[in-house]
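Colleague: I've got a fold open on my screen and a pile of labels I'd like to have justified. Can you take me through them one by one?

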Amino acid sequence: MDRQSPTRANRPTGPTHPTRTTAQDVTAAVVRRPRRAVAGVLAAAALGTAALAGCSSDSEPSKAVSSAAGAVQSGLSAAASAAASAVESAASGLSSAASSAVASVAASAQAAASSAVANVKGGLDAKGDVTVSGVTIGSDGKAEATLSVANHEQQSNRYVIQVNFTDASGNVLDATAVTVPDVAAGQTAQATARSNRDLSGSVKVVVANAVRY
């Protein structure tokens, strides 16, 4: 008879041996655990990063507001400085224009007074015959000075006198021409020199020129 392969039922049965755990199975279990731990760490790190990003984004508006406030303050300071400079420049310009106007008026008055003396025909120098006794500012703001004219000649004379009103530094503020008629020989006459415009401060009166005729 041919040999027949034993069937499953005919296979010998014996004691069941327990399944042996291999080194590969242990390694796989160990590897799985660290992977889970790493995943947890990575998740926590992601949450922390998101939180930091949220805090950073929350702080951005504060930084923006602070920066805007600083820019506004800087702009206001610059504007105030520019305005102050403009006012100062305008004031300086006005002061300079006023000074120029005063100088122009004074020059015109001085030229007119000088011309009045120069136009006297046959006039003789009489500056030494005139003295100034005082200067006052009237209630109307005009400066006034008393002139004394002494005729040292043997005949009567008429006088035309140029009077300059100056400040303490000698700058001419105004000028006028005073006419003194018929001063008898050997006599003294008085006249008043009065400014054409209002003057203030320390005003002096100077006899710039005088002639008799």
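Modeller: Sure, starting with confidence: pLDDT is the predictor's confidence in each residue, from 0 to 100, and a contact means heavy atoms within 4.5 Å. Keep in mind that this is a predicted model.

Colleague: What makes you wary of residues 1-57?

Modeller: On that 0 to 100 scale, pLDDT stays under 50 over residues 1-57. The model also has 1 contact beyond four places in sequence for that stretch.

Colleague: And how does confidence look elsewhere in the protein?

Modeller: The average pLDDT is 74, and 54% of the residues score at least 70. Helix H1 (residues 23-118) has the lowest confidence, with a mean of 59, whereas strand S4 (residues 157-166) has the highest, at 98.

Colleague: Let's go to S4, then. What makes you call S4 mostly covered?

Modeller: Buried means under 20% relative accessible area, and 9 of the 10 residues in S4 are buried.

Colleague: How do you know which strands S4 pairs with?

Modeller: Two strands pair if there are at least two bridges between them. S4 and S5 are joined by 9 bridges and run antiparallel; S4 and S7 are joined by 8, again antiparallel. Both pairs therefore meet the cut-off of at least two. For places to click on, valine 160 has threonine 179 in S5 as its bridge partner, and glutamine 162 stands opposite alanine 177 in S5. Towards S7, the bridge partner of valine 163 is valine 207.

Colleague: Where do those strands sit in the sheet?

Modeller: They belong to an open sheet of 4 strands in the order S1-S7-S4-S5, with antiparallel pairing. S1 and S5 are the edge strands, as each pairs on one side only. Between S4 and S5 there is a hairpin with 5 residues between the strands, and there glycine 170 takes a positive phi near 90°.

Colleague: What is the strand order in the 3-strand sheet?

Modeller: That open sheet runs S2-S3-S6, with antiparallel pairing. Its edges are S2 (130-137) and S6 (188-198), each pairing on one side only. From one strand to the next, the twist averages 20°. S2 and S3 pair over 7 bridges, and glycine 134 has threonine 146 in S3 as its bridge partner.

Colleague: Serine 148 is in S3 (residues 142-150). Why is serine 148 called buried?

Modeller: Its relative accessible area is 15%. The cut-off for buried is under 20%, so serine 148 counts as buried. Leaving aside neighbours within four places in sequence, serine 148 is in contact with Asp129, Val130, Thr131, Thr188, Ala189 and Gln190.

Colleague: Asp129 again! Why is the pairing of aspartate 129 with arginine 212 called a salt bridge?

Modeller: The test is a side-chain nitrogen of Lys or Arg within 4 Å of a carboxyl oxygen of Asp or Glu. Here the closest N and O atoms are 3.4 Å apart, so the pair passes. Aspartate 129 is in the loop between S1 (124-125) and S2, while arginine 212 is in S7 (residues 204-212), 83 residues apart. Both residues are buried. There's a network too: Asp129, Glu153 and Arg212 are linked by salt bridges.

Colleague: How many salt bridges are there in the whole structure?

Modeller: A full search finds 6. Among them is arginine 194 with aspartate 140, with the closest N and O atoms 2.0 Å apart. Arginine 194 is in S6 and aspartate 140 is in the loop between S2 and S3, 54 residues apart.

Colleague: What makes arginine 194 and aspartate 140 partly exposed?

Modeller: Their relative accessible areas are 37% for arginine 194 and 35% for aspartate 140. Partly exposed lies between the 20% and 50% cut-offs, so both get that label.

Colleague: One more pair: aspartate 182 and arginine 158. Why is aspartate 182 called exposed?

Modeller: Aspartate 182 has 52% relative accessibility, and exposed means over 50%, so the label fits. Arginine 158, at 40%, counts as partly exposed. Their side chains meet in a salt bridge at 3.3 Å, N to O. Aspartate 182 is in S5 (residues 172-183) and arginine 158 in S4, so the pair ties together parts 24 residues apart in sequence.

Technical notes. Residues are numbered from 1 along each chain as its sequence is written. This is a predicted model: local features need pLDDT of at least 70, side-chain atom pairs count only at pLDDT 80 or more; totals for chains, interfaces and linings use all residues. Side-chain values use heavy atoms; hydrogens and water are left out. Buried means under 20% relative accessible area, exposed over 50%, partly exposed in between (1.4 Å probe, protein chains only). Axes are lines fitted to C-alpha atoms, for helices over the stretch in contact, and angles run from 0 to 180 degrees between N-to-C directions.
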